[in-house]
Protein chains: 2
Amino acid sequence: MDLRERVDSSKENLLEELKEFLRMPSISARAGDEGGFRECAEWVRSKLEEAGAEARILETDGHPVVYAEIGSGEKTLLSYGHYDVQPPEPLELWESDPFEPTIRDGALYARGVADDKGDVMARIQALRLYQEEHGTLPFRLKFFIEGEEEIGSPNLAPFVRSNSKLLQADACLWEGSMKDEAGHPVIFCGTKGLAYVELRAHGASHDLHSMYGGIAPSPAWRLVQALRTIKDEHGEITLDGFEELIEPPSEKDLEAISRIPFDDAALRKSWGVEALDRYLTGEDALREMLLRPTANIAGIMSGYTGPGSKTIVPSEAFVKMDFRLVPGQSPGPVVELIRAHLKSRGFDDVEVVDLHGVEAAKTPVDSPVVRTSVETWRDLGREDAVVYPTIGGSGPTSLIATELGIPTVMTGNVAHAGSRIHSPNESARLEDYFEAIRYFTRFFERFQSGSARGGGGE
Amino acid sequence: MDLRERVDSSKENLLEELKEFLRMPSISARAGDEGGFRECAEWVRSKLEEAGAEARILETDGHPVVYAEIGSGEKTLLSYGHYDVQPPEPLELWESDPFEPTIRDGALYARGVADDKGDVMARIQALRLYQEEHGTLPFRLKFFIEGEEEIGSPNLAPFVRSNSKLLQADACLWEGSMKDEAGHPVIFCGTKGLAYVELRAHGASHDLHSMYGGIAPSPAWRLVQALRTIKDEHGEITLDGFEELIEPPSEKDLEAISRIPFDDAALRKSWGVEALDRYLTGEDALREMLLRPTANIAGIMSGYTGPGSKTIVPSEAFVKMDFRLVPGQSPGPVVELIRAHLKSRGFDDVEVVDLHGVEAAKTPVDSPVVRTSVETWRDLGREDAVVYPTIGGSGPTSLIATELGIPTVMTGNVAHAGSRIHSPNESARLEDYFEAIRYFTRFFERFQSGSARGGGGE
């Protein structure tokens, strides 16, 4: 019986197990344990134990981490995922109970099915299938499943730093990949960094009648004046020293990008816009999204914003900006650079509040784990896996990829571009779920044997 | 018995009558008649009738106007005021009931006492005192008292236009003057115009994950880019054709301004700022406030404005701007000019919504009614009245001053700079109230005799 037959013959049981996981509302944004956190973590631990791993709960200052090890050999693979989910709200937009998994049109609907419980479950089930086929795992596999990913992993950095030996590995399988709009499996080799700041300008101690508009300090205009020094009139970032930090992408990154199927017309259509920013198109847009930093305005606010007119000179103004960073640009130095930039232009009065920072992470597109990821898709008969040198978004990947120096790749997840991650009616296609189980089983075979073809074909 | 003695001897009655007026909560912002509007209008009408005038209620599409005429002669004086008041909220900040007038430390506290019921009452009482002293009024005096000033006089323009003959006069006494911080009576000879617009920029059909920050259209940045064409980096307005419209101030306006005592240090202190906009000081600041147009940001909003960080590219952004206009600049053409300015710079996509417009109004500082206003203060022993060519704010003055061509002046009101108009604990000093009654009595004498000294001295 080949792998596909074995998965197909136990579909019911595999799904039932996933549904049990999905019924636990492990919403990390809810304070305390009302989300049934510990029960959910314990359940995951027990599943890993059933699969033969030595599994335990590791405490953090927040929700616990589930950690497990199994197998032995020269090589070690780390698997990262999370058992927490986003809040389901707005509930009224769900077509079925977010915590009562429901199958419709070949897809399973439930909060967390695509992000990230389906992924976590598929990996554990793949581990069992591997052992049924091959017996003992001939490498060390470590599961590292956190419970705070959906609230920004606030306790992950200290956890990783104080458990750096425990987590050491030759490669890491991260969560967060998917199939794209056209159905191609996507492999991400990095994430952007992030410097999230708030610029604040202050005027009079109270809002003034706008009869004083010609002489009263205007924090809103002050911010506009500050912002005009951060981007020029063509929309290019003009922050002193920002560009200079960038480590240029490798030739292989550029090559990988040239192979990515990217349909900017479809993107424009889905956004309902006539043009992208700066009229970017095709590969230029893709390179901009993947390889270039950003200076985004996530929010701006001053004065009266209700209906109709009110005539005041507002006393306060702020702008929230997220700078997505590429390798070479660290959030701390970038915030300092923003401060220095504004100061040197006379904006000492504009306060720069550092709200949040994440490091960029990058695994070379030609590293063995990426090769293994692509070849595993080929094992499943898929020649169409697409390698992204990086993703436009950010995450705590750098803790593993950069701080621990472990080549890290996002591949094999059950999600697809239409999975409505974080939104009502989150779903995963059943065929993607069963394919993910087969994918991870084959990945374990390939990881064991380096990049050589392993196990039975399909 | 001279005028002061006559006022002093009936202080109790004069105050009681004012208090009766102040007890009526004629809040124009309240829908329908729950504010007891008609009763208040009827009460004012009856008071004018008691003073011998032919008084009536004139309907508008909103709250009614109280109109009255008395006296006969070659000259006609129009008196404009309003019987409606601002809402009293926040109530918890009032030290006494806003609609139960209370005397504390020589001042009367009540909503509307300084704006504008004290003013309206003082004029009616002055009319009675004039007649007691001199008999029949030897000129035509018209009272025009509206009920919607505090909600922007939405029905005033059609009312004035369809009653232009009724309202015709040689001069108009407008409401809205006051005593300044140092106690000098202030005479305003004009108001600025106003063009209130909202600029709106649109991006994707929904907020996007800011991983797309480098390629998604950003309405917030788009507005910043549009705004940077409206003011230069020094804070000077750079709107095409805006400056050219300005009718330069007269020599007499400049002379009047040079005589205004203006303490920019006190203003900065009261606002809690170290410097005025563009580091303006002294007479430069005063000229800017009184003679120059503005391009104020009254509000701006886009995206996420709550606590902490959220990483989105917002789909919408808007900025509310009020342009205070000076003679030569009309709101309609100014809005067209803003549209043309943005269009010629490629901002066709930025929507310009015309929210509200008011014309500037200007009466020459050397017109007879201004001279009469100053000389009336001298009659009361005050050599310190200050003539402002205009005020930084705007109002419907132009309907009378410009459209009907009636020289219009703001003088004699009971308010002072600390009256907390529109705020909790609105008040007028009793001495200012009785002085206002004497002022209007003397004004009627002076108006009758041209600019010559009239009536008994004090």
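Two strands are said to pair if DSSP finds at least two bridges between them, and strands here, like helices, are DSSP runs numbered from the N terminus, with at least two residues (E) for a strand and at least four (H or I) for a helix. The model on screen is predicted, so that local features need pLDDT of at least 70 and side-chain atom pairs count only at pLDDT 80 or more, while totals for chains, interfaces and linings use all residues. Residues are numbered from 1 along each chain as its sequence is written, and chains are lettered from A and ligands numbered from 1 in the order in which they are written.

Begin with strand S12 (residues 296-303) of chain A and S12(B), which run antiparallel and are joined by five bridges. Within this pair, select A:Gly303, which stands opposite B:Gly299 in S12(B).

Next, show both chains whole: a rotation of 180° with 0.0 Å of shift along its axis superposes chain B on chain A with an RMSD of 0.1 Å, the fit being by least squares on the C-alpha atoms of residues with pLDDT of at least 70 in both. That is the relation of a two-fold axis, and in chain B the C-alpha nearest the axis belongs to B:Met301, 2.3 Å from it.

Now select the interface, where the contact takes 60 residues from chain B and 60 residues from chain A, two residues being in contact if their C-beta atoms, placed from the backbone, lie within 7 Å. On the side of chain B that touches chain A, S12(B) gives the most, with eight residues. Because 100% of the interface residues of chain B are also interface residues in chain A, the copies meet through the same surface.

For the interior, select A:Ile187, which, leaving aside its neighbours within four places in sequence, is in contact with residues including A:Ser177, A:Val370, A:Tyr388 and A:Met410.

Move then to A:Arg345, in the loop between helix H11 (331-344) and strand S15 (351-358) of chain A. A:Arg345 is partly exposed, with 16 other C-beta atoms within 10 Å, where 20 or more would make a residue buried and 12 or fewer exposed, with C-beta atoms placed from the backbone. The C-alpha atoms of A:Arg345 and A:Ser367 are separated by 44 Å, although these residues are 22 apart along the chain.

Finally, colour by pLDDT, the predictor's confidence in each residue from 0 to 100. Chain A has a mean of 94, and 97% of its residues reach 70 or more, but over residues 451-458 of chain A the value stays under 50. For the complex, the predictor gives an ipTM of 0.88 and a pTM of 0.88.
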